[in-house]
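This briefing looks at one charged side chain and at the sheet beside which it is placed in the chain. Please view the structure with the following points at hand.

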Amino acid sequence: MIDAIMLLAFGGPESMAEVRPFLSQVAAGVGIPESRLEEVALHYEHFDGFSPLNEQNRRLAKALSEALSARGHDLPVVLGNRNGKDRINETLGTLESEGKKLVLAVPTTPFASYSSCRQYMENVAAALEGMEISAVKMPPYIGIDGLVEANARLLAEVLEEKMEPSQPCLLFTTHSIPTAGSEVYVRQHLELADQIATRTSELLACSPLSWELVYQSRSGSPHTPWLEPDICDALRDKHAEGVKEVIVDPIGFLSDHMEVIWDLDNEAKSTAAELGMCFTRVPTVGVHPSFVNSLADLLAKYLSQDLRLPEPGEFCSTECCPSHNPRHASENRKTINGVTL
């Protein structure tokens, strides 16, 4: 029986003193160029070393706890980060010391990809070594209705005053990943974007919205092909086409973090300004009631055993979300605590 929920998140620093150790954890063995790390450190410096991601995920944990309590499930909802403070192993250790036996681990991203799905499974499995507590990771939840509804309502609020005399250019964005093995990831975002656009059109009682999916925030080796076009390149292309106003909607992110507040609100916005384009960014989902209630409904089904829980180490398929980074190739099938990943 599940007696705790742990939100799995990327993590972020909350002071300048935490920035360098945080980036060292992120870059460990990944091959991110030092120049890129220096660039990102400057981004954090712009915000005095504070990323809003941890605080937003704490708000999400609180909102989910309250929503689950209203559904008759009183249990702790806590945060476990891949990097920085509140690391996954630390959170599991605390839960174990409190006598918890089985934790449902819920990624704070609904998509299926190596970093947003399988890697979290590996993180949890590694953290459980030597512990008596157990944990299972919830599968991707891209299909929940509230994700579409929340995004559509936020977009509709922005578009409501911008539809005359014609619809402005609408660009949906998500985090770029290496092109190898990205087919499912791309398809998920195209389907989500189409659902959001359709629902937004219904809310605004307007003709179908035109939109494009673009990418942002690539990292890693410059020699590895990543999904394109980049948001800033897309803005330049749109300017060349005569576009004067653009709406950017980061549907690939549930909460604001550096990829949103710097890569979009600073870099992309500055690029648009240089081109003489009006730039508006749609808010991220955060703790929008439609999203929180929909996710709580899904979690309640697991807690009530209306949905079968995945077994420890179980994936959606035997080849679930593999890494196509050569450094990870040998890690795609490994055993931790007797569980083959």
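Two strands count as paired if DSSP finds at least two bridges between them, and strands themselves are DSSP runs of E of at least two residues, numbered from the N terminus. In this predicted model, Ile5 stands opposite Val77 in β2, and strand β1 (residues 4-9) pairs with β2 in the parallel sense over 5 bridges.

**The sheet and its helix**
- The strands form an open sheet of 4 with parallel pairing, in the order β2-β1-β3-β4, and its edges are β2 and β4 (134-137), each of which pairs on one side only.
- Neighbouring strands of this sheet are turned against each other by 30° on average, with direction ignored.
- Helix α4 packs on the sheet, where it touches β1, β2 and β3 (102-107), and its direction makes about 145° with that of β2.

**Arg82: position and charge**
- Arg82 lies in the loop that runs between β2 (77-81) and α4 (88-97).
- Although Arg82 is buried, it has no salt bridge, and the nearest side chain of opposite charge, that of Glu122, is 8.0 Å away; a salt bridge would require the side-chain nitrogen to be within 4 Å of a carboxyl oxygen.

**Arg82: polar partners and contacts**
- The side chain of Arg82 reaches the backbone oxygen of Ser115 at 2.7 Å, and it also makes a polar contact with the side chain of Asn123 at 2.8 Å.
- Not counting residues up to four places away in sequence, Arg82 touches Ala9, Phe10, Arg87, Ile88, Ser115, Gln119, Tyr120 and Asn123.

Key. Residues numbered from 1 in each chain as written. Predicted model: local features only at pLDDT ≥ 70, side-chain atom pairs only at ≥ 80, totals over all residues. Heavy atoms only, no water. Buried < 20%, exposed > 50% of the residue type's maximum accessible area, 1.4 Å probe, protein only. Lys, Arg positive; Asp, Glu negative; His and termini not counted. Polar contact = N/O pair within 3.5 Å; in protein donor to acceptor, adjacent residues only side chain to side chain. Contact = heavy atoms within 4.5 Å. Axes fitted to C-alpha atoms, helices over the stretch in contact; angles between N-to-C directions.
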